[in-house]
Amino acid sequence: MDDGTTFTYTNTFGGEWLADPKKPLGSGGKAQSWTPRIGEEWKWGQDKINGVNLGSVSLFTEPFIVPALYEKYLQNDLGIHVTDEWTLSQAMGSKLAEEMENHYKTFITEKDFADIAAAGLNWLRIPIGYWAIETMNDEPFLQGVSWTYFLKALGWARKYGLRIYLDFHGLPGSQNGWNHSGKGGDINFMKGVMGVANAQRTLTYLRIFTEFISQPQYKDIVLMFGIVNEIRWETGAEQIESFYGEAYETIRKSTGLGAGNGPYIAIHEGFQGTARWEGFLAGADRLILDQHPYLAFRGDTAGATPAGSAPDTCSWGTSMNRSQRVFGVTIAGEFSTAINNCGLWLNGIGNEDPASCDVWNDWASWDAATIAGLKEVSMASMDALQNYFYWTWKIGDSTVLKTSSCPMWHYKLGMEKGWIPKDPREVSGTCSKLSGDFTPFDGQFPATATGGAGAGQLQATPVFPPATLNDGLAADTLPTYTATGALKTLAVPTFTAAPDVDAGTGWNNANDNELAYVPVAGCTYPNAYDANNVAVPAACTGA
């Protein structure tokens with residue numbers, strides 16, 4: 001491994017690792033016999049995504065996934081009420097860099113990448129926050145360091161034959177007000193007095209990430225880029241579509257059109273179902289629809305059982321098939337085995353489980369029937385969704401519970417204990433058995449969906465920004481940023497054994513040279529995360 005230690009790589013699916021220190025950006029590994037080697041073409045509609053999320057990997061933390069990291073700072077000298085990475089960073093104070101680096105180094109390692117390939121999985125979805133690039137004002141996140149660990153992830157993914165879906169998880173102002181956006185509370189993205197300015201800032205970051213992953217050295221690893229994770233529908237349909245359209249145009253202006261020019265662009269369906277998006281940005285070049293169908297949050301799940309839940313997931317297959325025929329590539333960027341919302345801090349710190357959750361949290365006491373029932377839920381979900389990313393690969397132990405909580409979200413534990421299949425191919429036919437005839441998608445996408453004829457010839461594009469935000473604010477009166485700032489470029493990896501290798505510059509298209517959105521000099525802006533109920537400032541408004 002990179003750190004000099006060794007292990008015996010056991011992959012029963014015909015997978016191979018490949019790493020040549022003298023050619024670190026050459027052909028890579030092969031995750032399984034049925035998965036194209038890194039450097040070979042991924043054939044959309046033929047090759048199947050069996051993926052897993054790296055929740056709370058080095059780039060982003062979430063309390064229920066890494067409870068020990070948060071437990072250490074629940075009581076702190078600063079009196080900070082810790083609920084998310086924002087408040088955790090504040091509570092860490094002068095130890096922020098030390099603590100976060102230790103987490104980065106230890107929670108997900110190279111061995112995890114090897115284990116993921118050996119589990120029959122071939123894709124990773126990796127969440128990232130804007131602080132991988134920069135922070136502004138009093139934003140407390142550790143700036144830039146997480147990018148160093150994403151570069152490690154690129155190398156490990158190449159070595160073991162894994163492809164990456166990079167997902168923009170934490171946006172300025174918060175796109176959903178949930179803790180996994182970086183800061184829980186109010187939504188200040190395309191909403192509130194700073195809604196447009198935060199979106200402009202995001203457009204710059206989208207360009208920076210896109211330019212890096214579009215470089216020829218890395219585009220065979222990072223094939224997909226998600227522009228925003230789980231935007232809340234209360235932001236407004238017109239407002240969300242407006243940003244999606246502008247983000248798509250911004251990215252494709254950077255990459256150019258057609259297969260091989262930049263990554264596939266993924267948009268989240270806002271928990272509105274796939275049918276809601278039929279016809280949106282018709283003709284778009286390589287646009288993916290990402291849905292997160294969770295059983296756990298479907299309403300009152302207190303009495304949910306595995307037997308009653310497994311058939312429900314099969315209905316997802318029908319909507320997935322239709323969406324792929326009409327919209328284009330459609331995936332499940334997140335789902336889990338969870339039939340209810342039990343689990344330590346799954347619903348946030350301070351929202352503790354009722355006693356009825358005890359049996360679902362005590363995974364060590366589950367009997368064979370419970371394990372078999374949950375395995376059927378897992379298999380039916382995978383069969384119906386067809387191209388998926390399980391949330392999440394790994395849940396860390398709690399220092400209080402002395403074990404891992406949230407077992408129905410823990411892929412690695414589930415595979416070891418039996419409620420996750422050891423071979424993803426085993427799921428085929430599960431929905432036919434449970435709910436009658438079910439035929440997976442035949443792979444025939446619209447031509448534009450994979451960069452073919454007509455790709456990029458849009459029938460209509462939403463106006464950005466929209467005339468008003470959903471809370472009645474006129475967009476042309478709101479404070480905005482100005483495109484006059486210097487563009488930042490993300491660092492490329494260095495290779496000690498091959499110091500002369502061309503690792504790129506971090507920027508693929510030299511003609512993409514429009515300046516970055518930055519605050520207008522001399523202007524006083526409201527707090528980017530707390531501008532829902534403030535007066536619109538008299539200055540710095542309009543274009």
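Two rings of Phe, Tyr or Trp (for Trp, the six-membered ring) make a pair here if their centres lie within 6.5 Å. The model in all of these close-ups is a predicted one, and it holds 41 aromatic pairs.

**View 1. Y294 and W409 make a tilted aromatic pair.** The ring centres sit 5.0 Å apart, with 50° between the planes. Y294 comes from the loop between β6 (287–291) and α8 (306–326), while W409 comes from the loop between β8 (388–390) and α11 (411–417), so this pair ties together parts of the chain that are 115 residues apart in sequence. Both partners are tucked away: Y294 is buried, with a relative accessible area of 13%, and W409 counts as buried too, at 2%.

**View 2. F335 and Y388 meet edge-to-face.** Here the planes stand at 85° and the centres are 5.5 Å apart; planes over 60 degrees apart count as edge-to-face, so that is the label this pair gets. F335 belongs to the loop between β7 (330–332) and α9 (358–361), and Y388 to strand β8, so the two rings tie together parts 53 residues apart in sequence. As for accessibility, F335 is buried at 0%, and Y388 is likewise buried at 0%.

**View 3. Ring pairs join up into a cluster.** The members are F60, W86, Y130, W131, F141, Y205 and Y529, linked through their ring pairs. One of these rings, Y130, also has a charge for company: the charged end of R201 sits over it, 4.7 Å from the ring centre.

**View 4. K159 parks its charge over W17.** The charged end of this lysine sits over the tryptophan ring, 5.2 Å from the ring's centre.

**View 5. Helices α2 and α3 cross at roughly 125°.** Two packed helices are described by the angle and the distance between their axes. For α2 (residues 85–92) and α3 (residues 96–106), the axes come within 8 Å. The crossing angle makes α2 oblique to α3. On the α2 side, the residues in contact are E85, S89 and M92; on the α3 side, they are L96, E99 and M100. It's a mixed bag chemically, with three nonpolar residues, one polar and two charged.

How values were computed: Residues numbered from 1 in each chain as written. Predicted model: local features only at pLDDT ≥ 70, side-chain atom pairs only at ≥ 80, totals over all residues. Heavy atoms only, no water. Axes fitted to C-alpha atoms, helices over the stretch in contact; angles between N-to-C directions. Helix = DSSP H or I, 4+ residues; strand = E, 2+ residues; numbered from the N terminus. Parallel < 35°, antiparallel > 145°, perpendicular 65-115°, else oblique. Contact = heavy atoms within 4.5 Å. Nonpolar A, V, L, I, M, F, W, Y, C, P; charged D, E, K, R; others polar. Phe/Tyr/Trp six-rings, centres within 6.5 Å; stacked < 30°, edge-to-face > 60°. Buried < 20%, exposed > 50% of the residue type's maximum accessible area, 1.4 Å probe, protein only. Lys NZ or Arg CZ within 6 Å of the ring centre and 35° of its normal.
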